[in-house]
Amino acid sequence: MKRSRLSLGFSLLSMSGLSIFFIFPLVFMVMSSFKSNDSLLQDVSSVRAFLPVGHLSLDNYWEVFNRVPFGRFLFNSLFVSTATVVLGLFLNSMIGFAIAKMEWRGKKMVLSIILALLILPFDVLAIPMLYLAAKLPWFSFTGGFHFTQGWFNSYQIQILPFAASAFSIFLFVQYFKGLPKELDEAALVDGASWFRIYRSIAVPLSGPVFGTVAILTFLPMWNMYLWPAITIQDEKYRSIMLGLQYFYVNFGTSWGQIMAYLTLLTIPIVILFLSMQRFFVTSVASSGIKG
Amino acid sequence: MLQSNVVTHRKKKETRAAWLLSLPAVLLILLFSIVPIFLALTLGFTDARLVSPEPAKSVGFSNFKTILGIGVLTLKAERDDSGAIKIDEKNNVVYESLRNYTKINSESPRFRSKSELFRFGENRKAGTVKVVLAGDPLFWKSLKNTLFFALIVVPVQGGFGLLLALMVNQKLRGRNFFRTVYFIPALTSMVVVSMLWTFIYQKNGLLNTIIKQVMPGFQSFAWLENPKTTMPAIIVLSIWQAVGFHMIIWLGGLQTIPAELYEAATVDGAGFRKQFRYVTIPGLRHTFVFVLVTITIAALGLFTQIAIITQGGPLDSTTTLVYQVVLNGYAKQQIGYASAFSFVFFALVLLISLIQRSATKRLDQ
């Protein structure tokens, strides 16, 4: 498409303006996290709010580490998100393979249930799941092996409900369908088992879709709020997002600390994104295709 | 004969292998999607509580009746001894008390335990006013707020996302930088975004500062304390957070359109507008359906922003369906009522999806 210089200039100008719109709250967040509460509130009335000016220190960060067991929360969030991703990659790719590549009784039913679940928002199920979680059995080894009731305050309540995902399965099915049929036919003739075809042919050829599913699982898990907020009270299992609740108590009096905590919540994911940006963008983009 | 035996044997083996591969996911979906759906429906007919020494009792349709129940009542004005309509000091007509109709031993069972939703059709001469009563006014308020939110967010976020995608799809220097910047809010948790924007919208917050730079005489305004501005404020931050994600989705769609189509259109003398109309738009129809459905579902589930920023206020102007579900089920621990509420919400989501699906069916082929 040919374009005039004028329209190009206009484009660049409006794109830069939009950049400010998208970035100013985050710049403000990071800058404020180094300022004392008083100077932060003073700076708000001028452009200083976005600049690293005045007395800057790491005090807010030290206070945050004093107030909450940050390392524990960070570990919990990383553990829960990573475990869900790993488990999800296994489960969803296996069923995705079976649906895309194999002929079996019951496939139509399973597939139609999965397609129906695509439009079901999790929030709809939160309350009945809360009830279910109170009744589910688990086991414990403390004081000899025995069964316990209720999944509140645990890791499994944050992981297992999200491991199998209709959307991830759907992405795997779409991808596996695109792999050439001749490959698995040849392997079958050679006497390979279906599991072996999945493991040695389908999986090695499917790096991109595994990456896409990993990212699209990790991000919402890391950012999840509603479900852990209603199932976790015990500090031992709290996620980093829930840790924010510690700062509501004197809401408005410790904005500097809140900004420091928000920065700590955001930085890991932004670094992760910037380090694998190209891949991230292709992954998200590909999730909408063939929708 | 032998041949067909081999075939059936192979088919059986394939079915067994397929089920083995599917089993872990199928079991988890059964436990955490199918069972909760049935629980939502069955618990909705009970008075189940989260922790209760007594087992849940069936209450029939009463939860659903409370949620959906609505009635219209005509109130009469009070009159003084001469029969004239009583007027208070603010020149408003004084009406008889609603309590007579809504109290638990009221003579009209239709109005029992209902509360006022709104009044309309006042006739000052005759001394009557109509009152709409609801079993749970918060259901109707949250329904209205949720639909309003979705009605604005779906087209604006979808359209804005497409505009951004078209911008960063141009061949110009720095487009990767712009893609990154527009996408970063989408990486930021809604929890973080909500806290940040709470500060921005405060009376002594950033938004007022920015407006004052442009209009020096502007009086600081508490954006989150006025029922008229709070929902629009929530809408802005929600779009700010999520639009980058949909920009990338649109971008993916744009990049699947073969460059040859644009070249052919250029050869045929089509300008930018015509190319957009006849190449870009048809090429994006699958993406359009995907964006429409994902934004709609996310918008109808509006919760985190509300829980963190407004708790439904001011004056219930931002309460939403999911917020009410969580309030009833978690804060008040009324699982039975909240399950019925969830089910009504689910029916609504399903209805909207079906409408969207049939409306976009012709596009998505």
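In this predicted model, B:A25 reaches across to the other chain: setting aside neighbours within four places in sequence, B:A25 is in contact with A:L91, A:N92, A:M94, A:I95, A:A164 and A:I169. B:A25 is also one of the residues that touch the most other members of the largest nonpolar core, a set of 153 residues. The others named there are A:I95, A:A126 and A:L262 from chain A, and B:L196, B:M247 and B:V325 from chain B. Helix α8 of chain B, residues 227-255, supplies the largest share of this core, with twelve residues. There is also a second, separate core of six residues, among them B:L75, B:F111, B:L117 and B:L133.

**The contact between the chains**

Chain A puts 78 residues into the contact, and chain B puts in 81 residues. On the side of chain A that touches chain B, the largest share comes from helix α1 of chain A, residues 5-32, which gives twelve residues. By type, that side of chain A has 61 nonpolar, twelve polar and five charged residues.

**Chain A as a whole**

Chain A has 15 helices and two strands. Its radius of gyration is 24 Å, whereas the globule rule gives 19 Å for 291 residues, so chain A is more spread out than a compact globule. The C-alpha trace of chain A spans about 75 × 75 × 30 Å along its principal axes. Of the 291 residues in chain A, 40% are buried. Among contacts in chain A between residues at least 6 apart in sequence, 70% join residues at least 24 apart.

One residue of chain A can be followed in detail. A:F139 belongs to strand β1 of chain A, which covers residues 137-140. Is A:F139 buried or exposed? A:F139 is exposed, because 8 other C-beta atoms lie within 10 Å, and a residue with 12 or fewer counts as exposed. Leaving aside neighbours within four places in sequence, A:F139 is in contact with A:F145, A:H146, A:F147 and A:T148. A:E63 is 76 residues from A:F139 in sequence, and the two are 38 Å apart in space, C-alpha to C-alpha.

**Chain B: two domains and a set of strands**

The domain assignment of chain B gives domain 1 as 70-135 and domain 2 as 138-333. The C-alpha centres of these two domains of chain B lie 42 Å apart.

Strand β1 of chain B, residues 70-76, pairs with strand β3 of chain B, residues 128-134, in the antiparallel sense over seven bridges. Within this pairing, B:K76 has B:T128 in β3(B) as its bridge partner. Strand β2 of chain B, residues 115-123, also pairs with β3(B) in the antiparallel sense, over six bridges. B:F118 stands opposite B:V132 in β3(B). β2(B) and β3(B) form a hairpin with four residues between them.

**Helix α13 of chain B and the loop before it**

How many of the eleven residues of helix α13 of chain B are buried? Eight are, and the helix, residues 321-331, is mostly covered. The buried residues of α13(B) are B:L321, B:V322, B:Y323, B:Q324, B:V325, B:V326, B:N328 and B:G329. From chain A they pack against α6 (122-135) and α12 (226-231). From chain B they pack against α4 (137-168), α12 (304-310) and α14 (335-360). One of these buried residues, B:V325, is among those that touch the most other members of the largest nonpolar core.

The loop between α12 and α13 of chain B holds B:P314. A cis peptide bond joins B:G313 and B:P314, with omega about -10°. B:D316 is in the loop between α12 and α13 of chain B as well. B:D316 is partly exposed, with 16 other C-beta atoms within 10 Å.

**Positive phi values in chain B**

| Residue | Place | Phi |
|---|---|---|
| B:N91 | loop between β1 and α3 (99-102) of chain B | near 65° |
| B:G127 | turn of the hairpin of β2(B) and β3(B) | about 75° |
| B:D316 | loop between α12 and α13 of chain B | near 60° |
| B:Q333 | just after α13(B) | about 60° |

B:N91 is a residue other than glycine, and so is B:D316. B:N91 is exposed, with 7 other C-beta atoms within 10 Å.

Methods: Residues numbered from 1 in each chain as written. Chains lettered and ligands numbered in written order. Predicted model: local features only at pLDDT ≥ 70, side-chain atom pairs only at ≥ 80, totals over all residues. Core = buried A, V, L, I, M, F, W, Y, C linked by C-beta atoms within 7 Å. Buried ≥ 20, exposed ≤ 12 C-beta atoms within 10 Å, placed from the backbone. Contact = placed C-beta atoms within 7 Å. Nonpolar A, V, L, I, M, F, W, Y, C, P; charged D, E, K, R; others polar. Domains from an automatic or database assignment. Rg over C-alpha atoms; globule rule 2.2 N^0.38 Å. Pairing = 2+ DSSP bridges.
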